[in-house]
Amino acid sequence: MRKFLFSLLFGVIGQYSFSQLDNSLLYTPDADSLIKKEAKIGLFVNSISYIRNTEYHSSIDIGATWAGTQIWPQAIYRYNDKLSFKAGLFIQKDIGNNKFRTLIPTYTLSYKLKDLKVNFGTLDGSLDHNLIEPLYAMENFIDKRIENGLQFKGKSKRLVYDVWLDWEKMIYRTSTSQEQFTVGVSTDFKAIAKENFTWSFPVQIIARHQGGEIYAHPHNNIKSQYDFAYGTHISHKRPGKIIDKVDFQGYLTFYEDGAPSKADSFKDGTGNYMALTLGVKHFGVMLNYWDAHQYIAPLGETLLASKSRGRPGEFIQYRKMVMLRLMYEIPLWNNCALVARMNNNYDLAEKQYNNVIEFYFKFNIGAAPKKLN
């Protein structure tokens, strides 16, 4: 309760707030933004090239480098203004590898009704869920961007919500491994929603399960892991000022091992995630603070966790970090953008300096036969 009151007070006293990275320039493109709504049939391509290098000096994670391109051509058929179908092929190619890293066929049946959109098949997933780093790591956008299942999402003046099921691994009676799926909730309720000032209260939940009854023996222990984040977010835009955007956001995070056998090393954990962001046109400076105890997140940023995913047996119960990010994010023209960031991270527990440098270049194109317009 003391931590909750502190975070709430911190959000009220701080004049403005935003803590998670704004990845909106990298979101999955909406066909309506690339193809005229009057067109029954259309083609569009989402292309993102990336370089992400993490220099970590920690017993939790040693870092890695990703460099390559994702190309996602899709065709869309609009049955009417509510129902549409998309089909495509997600292609990923790494620099320094002559073979394709990923080739995944995709399809999405979408139904729109006022502020609600339902997706069945390939979801508007990954960064589109707008999750904070302790729940969802940036490298997931590179390593496992495609999500398939069922999704309900919507947006109104006061409420933005995204509820989804990502079925990651199917099993059959002859399977020798466990089924795996993720259920997620991401909501943001705006208590104040003015043109240049918003105050909202986000809630984020991730539940990840590994198990199943029908696959062949021997059965492994069931894993059911839950991560929760509750926060307050105040954002203020200041057009014409030298610092034209000021944000500050604070989150409380919780981890719970819900498996009967308590398959992981910690049965529960907590964390505090806060940051202040100052924006000057297309430049931004973000200050972050992370404080956690026995916190685990299967999809979260590896460096923030108390247990290593790549080094079995390595763990640090208490995590304390301060971060300074420098960012340059600019829409070059319609549906084309450049994102460049550098994160300087100092681990107060391990007394180590860690660094992340990343670049993303997005280019989307769309077209439809003129005779169908």
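In which loop is Gln-294 found? Select Gln-294 to begin: this residue sits in the loop between strand 13 and strand 14. The model on screen is predicted, and residues are numbered from 1 along each chain as its sequence is written.

**Two residues with positive phi**

Stay on Gln-294 and look at its backbone. Its phi is positive, about 55°, although Gln-294 is not a glycine. Most residues other than glycine have a negative phi. Gln-294 has a relative accessible area of 16% and is buried, because buried means under 20%.

Next, select Lys-281. Its place is in the loop between strand 12 (268-280) and strand 13. Lys-281 also has a positive phi of about 55° and is not a glycine. Is Lys-281 buried or exposed? With a relative accessible area of 72%, Lys-281 is exposed.

**The largest nonpolar core**

Now select Leu-26, Leu-135, Phe-141, Trp-290, Tyr-295 and Tyr-360. These are the residues with the most contacts inside the largest nonpolar core, which has 34 residues. Two or more residues of this core come from each of strand 1 (41-55), helix 3 (140-143), strand 11, strand 13 (283-293), strand 14 and strand 16.

Centre the view on Trp-290 and show what surrounds it. Once neighbours within four places in sequence are left aside, the residues in contact with Trp-290 include Pro-134, Thr-253, Gly-271, Asn-272 and Tyr-273. Tyr-295, Leu-304, Arg-319, Lys-320, Met-321 and Met-323 are also among the contacts of Trp-290.

Another core lies apart from the largest one. To find this core of six residues, select Ala-31, Ala-39, Phe-44 and Ile-76, which are among its members.

**Asn-140 and Gln-249**

Go to helix 3 and pick Asn-140, which is found there. Asn-140 counts as buried, at 8% relative accessibility. Which backbone oxygen does the side chain of Asn-140 reach? The partner is the backbone oxygen of Leu-299, at 2.8 Å. Not counting residues up to four places away in sequence, Asn-140 touches Ser-126, Arg-145 and Leu-299.

Gln-249 is the next selection, in strand 11 (residues 245-257). Its relative accessibility is 1%, so Gln-249 counts as buried. Show the side chain of Tyr-251 as well: the side chain of Gln-249 makes a polar contact with that side chain at 2.6 Å.

**The cavities**

Turn to the empty spaces inside the model. How many cavities of 30 Å³ or more does the structure hold? There are five.

For the largest cavity, select Tyr-56, Glu-133, Arg-325, Asn-343 and Val-356. Among the 18 residues that line the largest cavity, these lie nearest its centre. The space in this cavity is about 150 Å³. Colour strand 14 (318-333), strand 15 (336-347) and strand 16 (352-367), each of which supplies at least two residues of the lining. By class, the lining of the largest cavity has eight nonpolar, four polar and six charged residues.

The second largest cavity has a volume of about 70 Å³. Ten residues line it, and Leu-21, Asn-23, Leu-131, Glu-133 and Tyr-136 are the closest to its centre. The lining of the second largest cavity divides into seven nonpolar residues, two polar and one charged. Glu-133 is named both among the residues nearest the centre of the largest cavity and among those closest to the centre of the second largest.

**Two more loop residues**

Select Ser-177, in the loop between strand 7 (159-169) and strand 8 (179-193). Ser-177 is partly exposed, with a relative accessible area of 24%. Its contacts, leaving aside neighbours within four places in sequence, are Lys-169, Ile-171 and Tyr-215. With Lys-169 there is a polar contact of 2.9 Å between the side chains. Add Lys-307 and draw a line between the C-alpha atoms: Ser-177 and Lys-307 are 130 residues apart along the chain, and these atoms are separated by 23 Å.

The last stop is Asn-335, in the loop between strand 14 and strand 15. Asn-335 counts as buried, at 16% relative accessibility. Leaving aside neighbours within four places in sequence, Asn-335 is in contact with Ser-33, Leu-34, Lys-362, Phe-363 and Asn-364. Draw a line from Asn-335 to Arg-311: these residues are 24 residues apart along the chain, and their C-alpha atoms are separated by 40 Å.

Key. This is a predicted model: local features need pLDDT of at least 70, side-chain atom pairs count only at pLDDT 80 or more; totals for chains, interfaces and linings use all residues. Side-chain values use heavy atoms; hydrogens and water are left out. On a 1 Å grid over the protein atoms alone, a cavity is a set of points where a 1.4 Å probe fits but cannot get out, and a pocket is an open set with protein on both sides within 12 Å along at least five of seven lines; lining residues have an atom within 4 Å of a point. Grid points are joined across faces, edges and corners, and a volume is the space filled by probe spheres set on the points. Helices (H or I, at least four residues) and strands (E, at least two) are DSSP runs, numbered from the N terminus. Ala, Val, Leu, Ile, Met, Phe, Trp, Tyr, Cys and Pro count as nonpolar, Asp, Glu, Lys and Arg as charged, and the others, Gly among them, as polar. Buried means under 20% relative accessible area, exposed over 50%, partly exposed in between (1.4 Å probe, protein chains only). A polar contact is a pair of N or O atoms within 3.5 Å; within protein, one must be able to donate a hydrogen and the other to accept it, and residues adjacent in sequence count only if both atoms are side-chain atoms. A nonpolar core is a set of buried Ala, Val, Leu, Ile, Met, Phe, Trp, Tyr and Cys residues joined through side-chain atoms within 4.5 Å. Contact means heavy atoms within 4.5 Å.
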